[in-house]
Amino acid sequence: MVRCFLVHTVCPLPSLGVAAGSESRLLYCRLFGPDEALLAPEQERELSPEERRLLRKEKVAAVARQVRSAVSLSRESCGGAVVEVAPGEEALAVQEAQVGVARLRAGQPFWEELSAVWLAVQSLSFTLVCEPHDNLLLAEGSLRTLGRLCLEQLHLLGPGSEVLLRSQRLDALLSRLLPHGQLLFLNHRFALSLEREAAAACASNRGQKEMTQ
Amino acid sequence: MYSQGSEGLLKQAREIQEPELQKFYSRLTKAFQAKELGHEAIDSLQRLRLILFATKYTRKLPAELQRKILQLLSSPVEHLQVLSSAVLRETLPLPGQELNCIEEGAGQLNSHAAALLLSQAASRADLSSLCAHLLRTLESRQSEALGHSLTHVLPVLNSILTHSPECLTEDHVILLSKKFVDWLRYASITQGGGATSGGFFAGPRSRQPAVVAELDGTVSGDFFTVLCVGQGFTDDQWMNVYSFSILRHWLLAYHSASGGNSTADADDRSEVDGSVVSMVSATSSSSRVLPPKERLREKAFQYCQRLIEQCDRKAQKKSDADLQKACLVEAVCILDCVCVEDPSLVYRTFPCIKALFGRLSSDLSFARVLLPIAQFYLNHGEMAAVDCDVVWKLVFGRFPAELFNDPFLAHELLRFLRLNLESLQQGVPDYTHFFPNLLKLLAWDSPALVDDFVDLLPSLVTAGTAVELLHTLLDLPCLSATLVLQLRSTCLPISEPSGRGLLSLDAFRSPSFRGLFLFLLRGEAGSGDTIDRLSTVHELLAEAADWPRVVHCAQVVPVLLHIYFNTVVKVADEQLFAHLILVILERSSLLLKVPRYVREIHRVFSCHLLKLCKRLPSLVVDQSRELLEFAGATANVYSREEVYTHVVWVLGEYLSVSCDSRCSVRLITSCFEALEAVLFEITSSSPPDGTACPAPRVITTLMSALAKLASRSHDLIPRVSLFLSKLRTVPRGGSVSWCSDEEDLASIVTRGEELWSLLKAPGVAQSVLSPPPHIAAARWHGDTNTAAPLQLRALTNLTLSQ
């Protein structure tokens with residue numbers, strides 16, 4: 001089961017005034033399943049709900065930072081410049097993208113040891129945090145599909161901010177392709193069927209908008 | 001991608017002021033009172049979600065607004081469900097907002113409502129009642145078509161399993177086991193969505209629903225699995241997909257728990273009458289009389305075998321080929337799980353796994369599939385009395401050597417090692433000989449894998465290969481550069497001049513240096529600790545010192561060296577300790593010149609040289625010849641200052657009779673003379689061109705060492721006193737050619753004076769500079785007769801009582 005799915009920045013953003021250190025802006029975050037504080041030892045269980053929410057947010061931010069440094073070190077090692085891809089070439093962007101997996105030790109930041117599978121496209125990374133028994137081959141494949149669909153549906157290769165303003169499309173996508181964090185063994189026909197459903201759900205909203213305008 | 005606009009939006013959402021926020025809340029509350037909610041409501045909800053998401057501190061919604069949003073969870077419009085669930089997950093539940101209010105609202109929980117309940121569950125009891133509710137709805141819809149509306153039940157249960165498997169009662173487990181058997185094994189094999197067989201001209205009566213197809217296009221001949229395709233899918237085929245996706249986790253949660261207790265018995269039983277047990281389970285007709293959990297195990301077994309057969313077919317699409325690999329991994333893992341629970345199944349499973357291994361072992365693109373197969377061999381190979389050597393040769397011998405640049409394979413291989421360390425140490429003890437291969441993974445991608453090696457390195461340190469391991473660790477940056485060259489050499493044609501790395505690439509390809517690089521690229525230990533022409537290698541790879549991969553690698557080596565030394569002292573004998581000191585002395589000048597690398601390594605060396613000598617002081621006398629040779633070479637003061645300082649200190653401290661009875665007056669005298677000569681030399685002339693003045697610590701250490709040695713052999717005292725008194729004549733505030741800083745000079749002179757005055761009373765000097773062990777290791781605080789606090793307390797009591 002996937003614990004969370006993140007979309008976050010992985011490049012220094014000096015032009016935007018963000019410190020070029022290890023900061024990573026979280027653009028989308030979806031945590032799956034119950035709060036791991038339920039299993040945690042006494043200290044975490046005694047926290048108030050606000051404190052627990054704060055702790056969850058901090059943990060996710062920690063993962064984003066770790067993935068950011070993994071991505072930048074990996075890019076440095078490969079020595080290559082990041083390929084710029086224009087909108088409309090989402091499939092190519094995913095193909096050219098770098099993938100990797102980072103080990104999140106027990107305690108850093110989640111209670112048990114997890115793996116963060118990441119797919120970095122230009123200045124953003126899509127990250128899946130998987131449990132030890134999860135099938136990483138399947139996770140990698142699912143991440144590529146999700147990445148491609150995110151790029152397409154939210155027009156991430158362009159300059160807009162739809163990832164922030166239209167996140168319900170991403171939610172609808174995840175509820176089908178990664179329901180409650182469950183990785184699914186989908187052959188191309190199953191996947192196509194789900195993608196069509198998700199697209200139809202988005203279109204119906206757009207259709208509604210057009211009607212009222 | 002991420003633009004100014006996005007940054008601005010996030011900032012705005014985070015910094016929205018309280019009054020504006022309250023106005024927004026009241027606007028929303030009014031908007032949600034309308035009967036029909038249009039796109040404006042959706043936009044507003046989205047904005048609310050962004051405001052709640054953007055800050056890590058919790059914002060509480062007004063109760064009325066929150067209740068309205070809660071009602072939207074059961075709206076027929078999907079976007080409203082999605083958004084209301086997202087908004088409510090970002091804030092805290094209302095006091096008294098219980099499961100009941102949603103349950104009463106709709107008989108059936110939709111996926112997004114379930115997500116909300118999951119995220120807000122505050123205790124295991126909440127999770128249990130959610131489970132119970134979902135399973136009730138599942139049971140009640142048995143006879144009707146399931147529809148997509150209930151496909152979220154299995155994923156929700158899966159996420160609860162991770163955190164508390166005990167939320168499902170035994171009845172629930174049995175109910176679900178029966179359902180899994182139905183969905184996995186008995187799903188329909190006709191295509192859903194109205195697709196039919198027969199061509200355009202076939203009449204309506206002869207049109208039959210089309211049968212599903214395999215991935216290569218042929219018609220399916222057996223039961224439905226995730227690798228079957230059709231135009232559309234029926235509901236139970238969807239449940240087939242979901243069930244298989246959750247199957248492994250289910251078996252791990254509910255089968256190994258019970259299996260864990262009984263495997264011990266099962267092992268004993270199978271040894272005695274294994275043949276009887278296997279015959280019973282070999283016949284599948286007996287599956288009808290099996291209890292539900294055992295039946296599920298049997299069906300899982302059949303499903304996995306069918307998947308493995310299906311993966312032999314060539315898929316028409318690339319994404320399906322990738323899915324086949326993932327299915328192979330999953331199938332092997334499930335079979336492993338099932339065999340761990342019921343060892344009698346091993347005899348039925350092994351032929352299949354062995355055949356799979358034979359089919360895939362020559363194709364490196366299936367390396368990630370071969371790892372679970374290796375796990376299977378490790379778990380069950382002994383029981384099936386199968387020779388596993390060929391598996392280990394592949395996993396430890398070929399994979400790291402040829403696939404070191406696959407990040408996923410490296411991660412999974414190292415995880416396999418970590419999780420199975422004990423079993424490997426028992427079953428495959430020779431795996432430690434493959435450390436040169438394993439280190440290739442680290443040399444290629446140090447930042448990602450150093451964590452794993454911090455855990456694994458201690459197990460790779462054995463007395464037999466310790467010295468070779470030390471040399472390999474020190475040359476890890478060279479290995480990193482060599483791997484880069486190896487890859488480049490295969491990518492670039494020989495005749496094409498490469499802009500970067502020309503010299504080293506040529507050297508790599510040249511036959512005269514082939515042997516050197518082949519040694520670095522060796523896969524197994526045992527062919528020699530290191531090579532003679534190491535300095536040649538360093539020269540050839542000099543231009544690699546600024547390659548990012550090499551620099552990253554150089555940064556992790558000091559950490560690993562600390563772990564190495566801390567571990568090796570536990571397995572080493574005196575001979576090995578001596579050998580290690582020699583390696584330290586030798587290698588301190590034989591390192592690849594990566595910026596800061598040499599300095600860091602010297603620091604590690606110095607630290608551990610001290611620790612080794614402290615642990616075994618007789619080493620110093622033992623290795624006195626080599627240590628003196630090192631300490632007597634003035635050049636070392638300038639080129640290996642840190643290590644030199646510590647060698648001198650160690651000589652001064654431990655070259656005495658109390659540490660080793662073999663220490664003779666002659667030895668002390670020759671050591672004294674060697675150090676004296678160096679001290680004279682560095683304090684009488686300026687340092688050679690290009691080098692800085694030696695740090696004051698070197699000079700004071702030399703002086704102290706000389707004083708210590710003199711205190712043990714009093715004939716030497718006049719000689720050292722002569723030097724120290726000459727030092728006193730250095731004018732204060734003046735400068736000398738060998739010391740550039742006034743303050744440093746002053747502290748050196750002060751030290752010299754202290755030692756000079758100390759040596760005027762040889763007896764005192766001896767007890768201060770060479771104290772007997774029981775004094776040197778005093779624990780004044782622990783000794784009740786001398787503990788200072790005790791004395792003070794006694795004195796205070798005496799004086800105050802008066």
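Tutor: Helices, as the term is used here, are DSSP runs of H or I with at least four residues, numbered from the N terminus. The model from which they are read is predicted.

Student: In helix α13 of chain B, how many residues apart are B:Asp322 and B:Lys318?
Tutor: The two residues form a salt bridge whose closest N and O atoms are 3.1 Å apart. Side chains of opposite charge can pair when their charged atoms come close. Both residues belong to α13 (residues 318-341), where about one helical turn separates them, their spacing along the chain being 4 residues.

Student: Is B:Lys318 buried or exposed?
Tutor: The cut-off for exposed is over 50% relative accessible area, and values from 20% up to that limit count as partly exposed. Its partner B:Asp322, at 35%, is therefore partly exposed. B:Lys318 has a relative accessibility of 61%, which means that it counts as exposed.

Student: Which residue forms a salt bridge with B:Glu600?
Tutor: B:Glu600 lies in helix α28 (residues 597-615) of chain B, and its partner is 3 residues away in that helix, about one helical turn. B:Glu600 is partly exposed at 29%, and the partner is likewise partly exposed at 43%. With the closest N and O atoms 3.6 Å apart, the residue that pairs with B:Glu600 is B:Arg603.

Student: How many residues apart are B:Glu673 and B:Arg719?
Tutor: B:Glu673 forms a salt bridge with B:Arg719, and the closest N and O atoms are 3.6 Å apart. This pair links distant parts of the chain, with B:Glu673 in helix α33 (residues 665-682) and B:Arg719 in helix α35 (residues 717-728), at a separation of 46 residues.

Student: Which residues of chain A belong to the network of salt bridges that share partners?
Tutor: The network also takes in B:Arg418, B:Asp451, B:Asp452 and B:Asp455 from chain B. The members from chain A are A:Arg103, A:Arg105 and A:Glu113.

Student: How many salt bridges are there over all chains?
Tutor: The criterion is a side-chain nitrogen of Lys or Arg within 4 Å of a carboxyl oxygen of Asp or Glu. Under this rule, the count over all chains comes to 50.

Student: Which residue of the negative surface patch is found in the loop between α24 and α25 of chain B?
Tutor: The patch is formed by B:Asp387, B:Asp389, B:Asp430 and B:Glu524. Residues enter a patch if they have over 30% relative accessible area and no salt bridge, and the glutamate of this group, B:Glu524, is partly exposed at 42%. The residue in the loop between α24 (514-520) and α25 (534-540) is B:Glu524.

Student: In β4 of chain A, what is the bridge partner of A:Leu104?
Tutor: Strand β3 (residues 98-104) is largely enclosed by the rest of the structure, because 6 of its 7 residues are buried. It runs antiparallel to β4 (residues 114-121), to which 7 bridges join it. Within β4(A), the partner of A:Leu104 is A:Leu114.

Student: Which residue in β2 of chain A is the bridge partner of A:Cys4?
Tutor: Strand β1 (residues 2-9) and β2 of chain A pair in the antiparallel sense over 5 bridges. Strand β2 (residues 26-31) is mostly covered, with 5 of its 6 residues buried. The partner of A:Cys4 there is A:Leu31.

Student: What percentage of the 213 residues in chain A is buried?
Tutor: The secondary structure of chain A comes to 7 helices and 5 strands, which follow the pattern β-β-α-α-α-β-β-β-α-α-α-α along the sequence. Buried requires under 20% relative accessible area. Among the 213 residues of chain A, the buried share is 60%.

Definitions and conventions
Residues are numbered from 1 along each chain as its sequence is written. Chains are lettered from A and ligands numbered from 1 in the order in which they are written. This is a predicted model: local features need pLDDT of at least 70, side-chain atom pairs count only at pLDDT 80 or more; totals for chains, interfaces and linings use all residues. Side-chain values use heavy atoms; hydrogens and water are left out. Buried means under 20% relative accessible area, exposed over 50%, partly exposed in between (1.4 Å probe, protein chains only). Helices (H or I, at least four residues) and strands (E, at least two) are DSSP runs, numbered from the N terminus. Two strands pair if DSSP finds at least two bridges between them. Patches are made of residues with over 30% relative accessible area and no salt bridge: like charges are joined within 9 Å, nonpolar side chains (Val, Leu, Ile, Met, Phe, Trp, Tyr) within 5 Å. Accessible areas come from the Shrake-Rupley method with a 1.4 Å probe; for residues, only the protein chains shown count as cover. Lys and Arg count as positive and Asp and Glu as negative; His and the chain ends are not counted. The place of a charge is taken as NZ of Lys, CZ of Arg, CG of Asp or CD of Glu.
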